[in-house]
Amino acid sequence: MIEFENVSKQYNQGGYALQDISFSIPDGELVFLAGPSGAGKSTLLKMIAGIEKPSSGRIIVNGQDITRLRAGSIPYLRRKLGLILQDQHLLNDRSVLANVMLPLIVTGASSAEADGRARAALEKVGLADKASAYPLELSGGEQQRIAIARAIVNRPKIILADEPTAFLDRDNANKVLNALKAFRSAGVTCLISSHDEQFLDQASRVIYLQQGRLTDNWHDAA
Ligand SMILES: Nc1ncnc2c1ncn2[C@@H]1O[C@H](COP(=O)(O)OP(=O)(O)OP(=O)(O)O)[C@@H](O)[C@H]1O
Ligand SMILES: [Mg+2]
């Protein structure tokens, strides 16, 4: 469960990036975060991951008020989340498999366990045969699916994806979306920001933001 209670965010005393946002998302939903450029979509996702702090209000993730976490606890929060952010890149000098194993190695898994789980994650995004390739040998869509495999290898209960289909053609965008939908079927909560109106009807819920405010169009779509 993800709950926002009257959350506002002001960057550097400027205008409001988000203003008085309240909603709750039950477990296992596939939620699309829609709205024009500058509406506050990335800000909202970053606050759930503890990358940005709200200026006021509370954010509760699985019963824990993350706005009150000490800085030292943020890495533990992150490990429970699968993060697919716009500016997260793959390491080009390491194989696809090594990239996907990385989050497990960092948290102290044995290399045998990390190897097995990374291969299973690659299987889920349909790229098991690319394990020993290098990122630059892959298409943009394939690289994006590798980033998804890396985000889910820790078996998070929540996946946050910021514009995961930006710059992809329709075919690759559909593959990315299908991979995310499969996690939802497995009970994972997915929050996906997108400009891509075609995908809105695939979501179980849609959150529309406009100039930092939640519009009234919050609804159950499917
Ligand atoms: N680090 C920052 N410092 C100051 N202002 C920021 C910062 N990040 C975002 N903003 C401002 O907050 C508002 C919301 O930005 P945000 O990135 O959340 O929008 P967005 O909906 O993700 O847009 P896009 O669709 O273009 O990615 C914008 O007005 C932006 O200029
Ligand atoms: Mg954004």
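Begin by selecting helix 1, residues 41-48, where seven of the eight residues are buried, a residue being called buried if 20 or more other C-beta atoms, placed from the backbone, lie within 10 Å of its own, and helices being DSSP runs of H or I with at least four residues, numbered from the N terminus. The buried residues here are Lys 41, Ser 42, Thr 43, Leu 44, Leu 45, Met 47 and Ile 48. Just after helix 1, select Gly 50, whose phi is positive, near 75°.

This is a predicted model, in which local features need pLDDT of at least 70 and side-chain atom pairs count only at pLDDT 80 or more, while totals for chains, interfaces and linings use all residues. Residues are numbered from 1 along each chain as its sequence is written, and chains are lettered from A and ligands numbered from 1 in the order in which they are written.

Next, show ligand 1 and the residues around it, that is, those with a C-beta atom, placed from the backbone, within 6 Å of it; they include Tyr 11, Asn 12, Gly 35 and Lys 41. Helix 1 gives the most to this shell, with three residues.

Then move to the largest nonpolar core, a set of buried Ala, Val, Leu, Ile, Met, Phe, Trp, Tyr and Cys residues joined through C-beta atoms within 7 Å, which has 62 residues, with Val 100, Ala 149, Ile 159, Leu 160 and Cys 190 making the most contacts inside it. The largest share of this core, six residues, comes from helix 5, residues 140-152.

Finally, display the whole protein chain, whose C-alpha trace spans about 45 × 40 × 30 Å along its principal axes.

Methods: Buried ≥ 20, exposed ≤ 12 C-beta atoms within 10 Å, placed from the backbone. Helix = DSSP H or I, 4+ residues; strand = E, 2+ residues; numbered from the N terminus.
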